[in-house]
Amino acid sequence: FTESWVRYLETIGSAPALEYRQRLSSAATELDYRPLASLTLSAGISQDAAATDEAGGRPPLGRRDGVGWRAGGTWVLAEQGLRVHASASQRKRFPALRELYSGALNRFEPNPDLRPETAHSAEVGAGLIRARFDVQAVVFRQRIDDAVVRITRPDSRFERINRDRFTSTGVEFTAGTMLGRAALRGDV
């Protein structure tokens, strides 16, 4: 369980300071199960929440929450130095106070109607570990629904809004070796 409290005071020019307060919390649990010595399965669930109690004189948002989850598996052949893993997950990210309300010296139009982003992620990877080196490759895909983006309004001010979706797909390679007493690592 984690909880954080954010208090933000904004002063623009000689205007009175505006106070903002937000509470972010998350409660989560995960279970690992080993049906075989070489196979570990895991599953988890979380409850995430954000509550905006003070909004610089604007109506506070109250509480918003969402459920997250994760499922995955890892297969290890220790004698061969081979490791294969896969996982999928979903999590919420709640807009920060500056995204919701910040006037940023009158360059941004505040938007208290921002919805939380939802990230859907999946990855599959394999790695090989030897005495003098290790290599790993991971293929991933992420989709973010209701993504928070910055737009330019007709009055030349900026505003953060929700867009339908952003997706990213990629491959990550990592490797390492020992050169004498020095370790060399790299990733692409």
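**Exercise 1. Decide whether Tyr33 is buried, partly exposed or exposed, and describe its surroundings.**

Step 1. The model is predicted, and the values below are computed from it. Tyr33 has a relative accessible area of 52%.

Step 2. The cut-off for "exposed" is over 50%. Tyr33 is therefore exposed.

Step 3. Tyr33 belongs to strand β2.

Step 4. Setting aside neighbours within four places in sequence, the contacts of Tyr33 are Leu39, Thr40 and Leu41.

Step 5. Ala43 lies 10 residues from Tyr33 along the chain, and the C-alpha atoms of the two are 8.7 Å apart.

**Exercise 2. Work out how β2, β3 and β4 are arranged with respect to one another.**

Step 1. Take β2 and β3 to begin with. Strand β3 covers residues 39-55, runs antiparallel to β2 and is joined to it by 15 bridges.

Step 2. Look at the connection. Two residues separate β2 from β3, and the two strands form a hairpin.

Step 3. Find a facing pair. Ser26 stands opposite Asp48 in β3.

Step 4. Go on to β4, which covers residues 62-77. Strands β3 and β4 are also antiparallel, with 14 bridges between them.

Step 5. Here the hairpin has six residues between its strands, and Gly56 in the turn has a positive phi of about 60°.

Step 6. A facing pair for this hairpin is Gln47 and Val67, the latter in β4.

Result: β3 is joined by bridges to β2 and to β4, antiparallel in each case.

**Exercise 3. Trace the salt bridges of Glu19 and say which parts of the chain they tie together.**

Step 1. Start from the principle. Side chains of opposite charge can pair when their charged atoms come close.

Step 2. Apply it to Glu19 and Arg7. The closest N and O atoms of this pair are 3.0 Å apart, and the two form a salt bridge.

Step 3. Place both residues. Glu19 is in strand β2 (residues 18-36) and Arg7 in strand β1 (residues 2-10), so the salt bridge ties together parts 12 residues apart in sequence.

Step 4. Check a second partner. Glu19 also forms a salt bridge with Arg21, with 3.9 Å between the closest N and O atoms. The cut-off is 4 Å, so this pair counts.

Step 5. Compare accessibility. Glu19 is partly exposed at 28%, Arg21 is partly exposed at 32%, and Arg7 is exposed at 56%.

Step 6. Widen the view. Arg7, Glu19 and Arg21 belong to a network of salt bridges that also includes Glu54.

**Exercise 4. Show that a salt bridge can link distant parts of this chain, using Arg185 and Asp134.**

Step 1. The side chains of Arg185 and Asp134 form a salt bridge, with 3.0 Å from N to O.

Step 2. Arg185 is in strand β10 (residues 182-187) and Asp134 is in strand β8; the two residues are 51 apart, and the pair links distant parts of the chain.

Step 3. Arg185 is exposed, with a relative accessible area of 53%, whereas Asp134 is partly exposed at 22%.

Step 4. For the whole model, the count comes to 15 salt bridges.

**Exercise 5. Identify the members of a nonpolar surface patch and place Val139 within the fold.**

Step 1. The patch consists of Val139, Val171, Phe173 and Val188, with about 390 Å² of accessible area together.

Step 2. Val139 is in strand β8, which covers residues 133-152.

Step 3. Val139 has a relative accessibility of 49% and therefore counts as partly exposed.

**Exercise 6. Describe the overall fold and its dimensions.**

Step 1. Count the elements: there are one helix and 10 strands.

Step 2. Put them in order from the N terminus: β-β-β-β-β-α-β-β-β-β-β.

Step 3. Read the extent. The C-alpha trace spans about 70 × 35 × 35 Å along its principal axes.

Step 4. Set this beside a reference. The radius of gyration is 22 Å, while a compact globule of 188 residues would have one near 16 Å.

Step 5. Consider burial and surface. Of the 188 residues, 29% are buried. The accessible surface is about 12,000 Å², and carbon and sulfur atoms account for 56% of that.

Step 6. Consider contacts. Among those between residues at least 6 apart in sequence, 51% join residues at least 24 apart.

Notes. Residues numbered from 1 in each chain as written. Predicted model: local features only at pLDDT ≥ 70, side-chain atom pairs only at ≥ 80, totals over all residues. Heavy atoms only, no water. Patch = residues over 30% accessible without salt bridge, like charges linked within 9 Å, V, L, I, M, F, W, Y side chains within 5 Å. Areas by Shrake-Rupley, 256 points an atom, 1.4 Å probe, with all protein chains shown as cover. Helix = DSSP H or I, 4+ residues; strand = E, 2+ residues; numbered from the N terminus. Buried < 20%, exposed > 50% of the residue type's maximum accessible area, 1.4 Å probe, protein only. Rg over C-alpha atoms; globule rule 2.2 N^0.38 Å. Contact = heavy atoms within 4.5 Å. Pairing = 2+ DSSP bridges.
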